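Visitor: Please take one part of this model and go through it closely. I would like the geometry, the burial and the packing partners in one connected account.

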Amino acid sequence: MANKRFPEGFLWGGATAANQYEGGYNEGGKGLSVQDVTPKGGISHGEGGTVITEVPTEDNLKLKGIDFYHRYKEDIALFAEMGFKVYRTSIAWSRIFPKGDELEPNEEGLKFYDKVLDELEKYGIEPLITLSHYETPLHLAREYDGWTNRKLIEFYERYVRVVFERYKNRVKYWLTFNEINSVLHAPFMSGGIPTDTKTPTKQELYQAVHHELVASALATKVGHEINPDFKIGCMILSMPAYAITSHPLDVLAVRQFERENYLFADVHVRGKYPAYAKRYFKENNIEIKFEDGDEELLKNNTVDFVSFSYYVSVCAAHNPEKYTSGKGNLLGGIKNPYLQESEWGWQIDPVGLRIVLNDFYDRYQIPLFIVENGLGAKDVLVEGENGPTVEDDYRIDYLKQHLEQVREAIEDGVEVLGYTSWGCIDLVSASTAELSKRYGYIYVDRNDDGTGTLNRYKKKSFYWYKNVIATNGEELD
């Protein structure tokens, strides 16, 4: 078992998002996105609610990111040196449609992604493109209240048609929305729903969810019409939960917690709302407004695979107020007394990844793709034999333990397409807008105060991951 290889053709790589690393926020005709005006990612709350500025402020490190916009050739060459088979990134919607509701796209934005794809093709790296990764155009948030407005389905369809047509022979793997279930917990960041003026009701949130689910099904339909060989998936923020005790009510609390997230994958894969959701809607006075054709669209345009992020697990209880909450968990949850934590309080649970893989596969029996996983840590640059580096054995250990569990899940019979670790090059955190929480194999010299040369340096984990890929996971040590 120790030397068991991963399946032939396993897609090894890394993942990033345009709003966290691209920069060039006001170049190439790009419009503002919700991320450009949220230094704290839209989920930082004060006494007056969530503060969302109208114009970008200099303290938002995402405006410049790590300057991939100008350094994409250098970075992709480094990914190729590691041996990436696949690279997950996103297209910034507001770079293609600056306001989001225009009739014609911004050609200069499309040309930028032409060049990025040119570099990936040069090295034989398969692109995995997220169409909407927390990057709703700001105009759609301000003028239409984001995804609460059904008109966004039309705007999103126009955007994805342009992108699908442009890259129909260049991109095979697509994701419709990043961590789509997060809209319930981060409405502005995830769904462009303004929260600085009021808190959206459950009715508004779940109607927005419906609009996104319909838009996702429509994108799947359009994509398969444009190129039947497209592989289009959903993307879920996964967070397995364990009962804090063996009391039946605590076990039931786990089921209720997980169903809130399963809802999104259930509709994507099964093409309809599950019975448990209908009960929840009824008991919370939520009435989802369906338009003609919605039901058929969802039913007939299910996804080809399920992708997900995995960072932490949580515990659940019937009376959670009795227990300590876990840190860093966007979806909430109770701290697990059996697990260690990262520097940011995120609990480390490699076995949880095996559990997620088995649970998803048992439930859906379609291919799975791990598109985010990694350890955020405060790396220290030191002088090494070949120049500046980071001795990040802690990251290697984290990734090794998680990949061992992926291998176990594959042995369990789970079909896993690939693994793209998050933040393969250091980037700006979505949740905290910091650069000090680093995930990458490549260190970027930029600091939380915005200073730094932006030079790239290979960490110890760079060479470790290169060997993992070269041996197809046979050598994880």
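**Helix α2 and the core around it**

Guide: Tyr 159 is in contact with Ile 91, Trp 93, Ile 96, Phe 97 and Leu 131, leaving aside its neighbours within four places in sequence. The model is a predicted one. Tyr 159 also belongs to the largest nonpolar core, which has 135 residues; with Phe 79, Tyr 156, Trp 174, Phe 308, Leu 357 and Tyr 465, Tyr 159 is among those that touch the most other members. Helix α8 (residues 202-226) gives the most to this core, with 12 residues. A second, separate core has nine residues, including Val 86, Leu 128, Tyr 173 and Phe 369. In soluble globular proteins, nonpolar side chains tend to be buried together.

Phe 79 leads to the part chosen here, helix α2, where Phe 79 is one of the buried residues. The others buried in α2 are Phe 68, Tyr 69, Tyr 72, Asp 75, Ile 76, Leu 78 and Met 82. The list thus includes an aspartate, Asp 75.

Next, the geometry. Helix α2 covers residues 68-82, 15 residues in total. Its end C-alpha atoms are only 18 Å apart, whereas a straight helix at 1.5 Å a residue would reach 21 Å. Helix α2 also bends, by about 40 degrees, at Glu 74. Just after the helix comes Gly 83, with a positive phi of about 95 degrees.

Two helix partners can be described. The axes of α2 and helix α4 (residues 107-122) lie 9 Å apart, at an angle of about 10 degrees. That angle makes α2 roughly parallel to α4, since angles under 35 degrees count as such. On the α2 side, Phe 68, Tyr 69, Tyr 72, Lys 73 and Ile 76 make the contact, and on the α4 side Phe 112, Lys 115, Val 116, Glu 119 and Leu 120. Of these α2 residues, Phe 68, Tyr 69, Tyr 72 and Ile 76 are buried.

The other partner is helix α14 (residues 460-470), whose axis is 8 Å from that of α2, at an angle of about 55 degrees. The two helices are therefore oblique to each other. Here α2 contributes Leu 78, Glu 81 and Met 82, while α14 contributes Phe 462, Tyr 465, Lys 466 and Ile 469. Tyr 465 of α14 also appears with Phe 79 among the core residues that touch the most other members.

Conventions: Residues numbered from 1 in each chain as written. Predicted model: local features only at pLDDT ≥ 70, side-chain atom pairs only at ≥ 80, totals over all residues. Heavy atoms only, no water. Helix = DSSP H or I, 4+ residues; strand = E, 2+ residues; numbered from the N terminus. Expected span 1.5 Å × (residues − 1). Bend = angle between axes of the 7 residues up to and from the residue. Buried < 20%, exposed > 50% of the residue type's maximum accessible area, 1.4 Å probe, protein only. Core = buried A, V, L, I, M, F, W, Y, C linked by side-chain atoms within 4.5 Å. Contact = heavy atoms within 4.5 Å. Axes fitted to C-alpha atoms, helices over the stretch in contact; angles between N-to-C directions. Parallel < 35°, antiparallel > 145°, perpendicular 65-115°, else oblique.
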